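Please open the model in a viewer and keep the selection tool at hand. The tour below proceeds from one selection to the next and states what is found at each stop.

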Amino acid sequence: MVDLGTQYAAIRDEVNAGIQEVIDTTQFINGSATKAFASELGQYLGVQHVIPCANGTDALQIALMAIGLEEGDEVITVPFTFVATVEVVALLKGKPVFVDVDPLTFNMDARAIEAKITPRTKAIIPVHLFGQPADLSPIMELAEKHGIYVIEDNAQAIGSNYTFPNGDTVKAGSIGHLATTSFYPTKNLGGYGDGGALFTNDDTLAQKIRIICDHGSSRKYYYDAIGVNSRLDSMQAAILRVKLRNLDIYNMRRIASADQYDALLNVIPGITIPTRVQNATHVFHQYTIRVKKHRDALKDYLQSKGIPSMIYYPVPLHVSDAYRIYGYQQGDFPVSEMVATEVLSLPMHSELDAEQINFICGEIAAFMQANA
Ligand SMILES: Cc1ncc(COP(=O)(O)O)c(C=O)c1O
């Protein structure tokens with residue numbers, strides 16, 4: 001699905017020098033590399049504050065702690081996402097309130113949100129799934145109208161742009177009151193271990209987040225709040241600095257691969273290629289097709305030809321065993337349930353070449369023809 005070895009080969013000297021510098025300075029935690037990375041990422045995204053932390057799940061949890069989520073507070077999000085988005089709400093004793101996704105983009109259906117807002121609604125977490133931003137303009141309007149927070153889960157779409165109806169174009173992750181990301185190695189901006197970050201333009205929230213990340217202390221051994229220990233180590237930051245300089249190139253290569261996939265797959269009956277919206281760029285964290293019939297057999301067939309593929313995500317969270325406690329039933333979110341049976345993510349990374357894509361698409365065509 002990814003080829004981090006080939007990517008590393010091209011940036012080896014820079015990465016190794018960055019790691020060596022961290023070792024030489026022995027600033028392993030919160031060293032100059034971490035500070036420099038936070039500042040460079042802030043500039044890239046156009047946000048005032050980037051607060052690095054240990055992973056994308058922590059980032060979401062810390063975001064909810066920073067907005068003061070209390071037991072029983074409701075957080076509106078989607079059931080078709082990676083579990084972390086919902087897990088943190090549950091861990092903090094909030095209540096995940098789901099809205100369905102759009103069948104074309106797999107992102108939060110903004111039209112379904114307002115009906116779910118109650119006096120207990122504290123936040124909306126749109127997820128920019130597979131690399132394409134959710135439709136943030138109506139979501140921000142609703143949040144403003146009802147006085148609730150928007151936390152963008154931007155683990156999968158770093159580097160993508162979103163254009164507002166007035167033509168303003170900004171980076172995903174710079175729009176909500178808060179945004180979070182993950183630097184898990186396979187992400188578009190991935191380290192060589194775990195990592196994550198929060199983004200905000202709100203000075204007060206930023207200050208709270210910094211305190212929460214550091215055991216709730218603003219001064220060593222004096223505790224203002226109940227916090228966590230969540231840090232991005234300096235070696236990861238040194239690696240991420242190099243990767244950030246290449247992020248636009250990596251994303252452009254992903255988009256070029258997606259263009260080639262689109263052209264070859266769009267002509268195969270039974271395959272639906274990913275939809276790209278007009279008002280955002282898709283940075284293809286995943287290239288995810290829909291296959292109405294024989295999806296699992298196609299996956300097995302590709303495996304037999306040495307082609308990996310993945311089902312992100314096979315079970316929507318409202319019907320996952322751990323989350324049945326919230327009382328949702330099969331049938332409550334029909335689009336999420338339907339797409340979970342149809343999606344198939346194909347190999348996608350910045351090192352994929354035209355020959356590999358030709359081979360993959362040729363095998364998909366052969367299977368679909370034989371099973372028409
Ligand atoms: C949408 C989404 N949210 C949150 C996370 C959690 O990030 P991490 O694995 O760094 O905790 C991930 C990634 O795995 C993700 O894809």
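**First stop: strand S9**

Select strand S9, residues 196-200, which is mostly covered, since five of its five residues are buried. A residue is termed buried if 20 or more other C-beta atoms lie within 10 Å of its own, exposed if 12 or fewer, and partly exposed in between, with C-beta atoms placed from the backbone. Helices (H or I, at least four residues) and strands (E, at least two) are DSSP runs, numbered from the N terminus. The structure is a predicted model, in which local features need pLDDT of at least 70 and side-chain atom pairs count only at pLDDT 80 or more, while totals for chains, interfaces and linings use all residues. Residues are numbered from 1 along each chain as its sequence is written.

Display the side chains of S9: Gly196, Leu198 and Thr200 point one way, Ala197 and Phe199 point the other way, and all are buried. Next, add strand S1 (residues 49-53), which pairs with S9 in the antiparallel sense over five bridges; two strands pair if DSSP finds at least two bridges between them. Valine 50 has phenylalanine 199 of S9 as its bridge partner. S8 is also joined to S9, by four bridges, and the two run antiparallel. There, threonine 180 has leucine 198 as its bridge partner in S9.

**Second stop: from S8 to S5 and S4**

Select strand S8 (residues 178-182) together with S5; they pair in the parallel sense over three bridges. Glutamate 152 stands opposite alanine 179 in S8. Strand S5 (residues 149-153) is mostly covered, five of its five residues being buried. Tyr149, Ile151 and Asp153 lie on one side of S5, Val150 and Glu152 on the other, and all are buried.

Extend the selection to strand S4 (residues 121-124), which runs parallel to S5 and is joined to it by two bridges. Isoleucine 124 stands opposite valine 150 in S5. With helix H5 (residues 136-146) added, S4, H5 and S5 make a right-handed β-α-β unit; right-handed means that, with the strands pointing away from the viewer, the path from the first strand over the helix to the second runs clockwise.

**Third stop: the ligand**

Which residues are closest to the ligand? Among the 15 residues that surround it, the closest are Asn55, Gly56, Thr57, Ala155 and Ser182; a residue is counted if its C-beta atom, placed from the backbone, lies within 6 Å of the molecule. Select helix H3 (56-66) and helix H4 (84-91): each supplies at least two residues of the shell.

**Fourth stop: alanine 340**

Select alanine 340 in helix H9 (residues 334-342). Alanine 340 is partly exposed, because 18 other C-beta atoms lie within 10 Å. Leaving aside residues up to four places away in sequence, alanine 340 touches Phe80, Tyr313, Pro314, Val315 and Pro316; contact requires C-beta atoms, placed from the backbone, within 7 Å. The C-alpha atoms of alanine 340 and phenylalanine 80 are separated by 7.8 Å, although the residues are 260 apart along the chain.

**Last stop: a second sheet and the whole chain**

Select the open sheet of three strands with the order S12-S13-S14 and antiparallel pairing. Strand S12 (271-272) and strand S14 (343-346) are at the edges with a single partner strand each, so one side of each has no neighbour in the sheet. Finally, display the whole chain, which has ten helices and 14 strands.

Terms used:
Contact = placed C-beta atoms within 7 Å.
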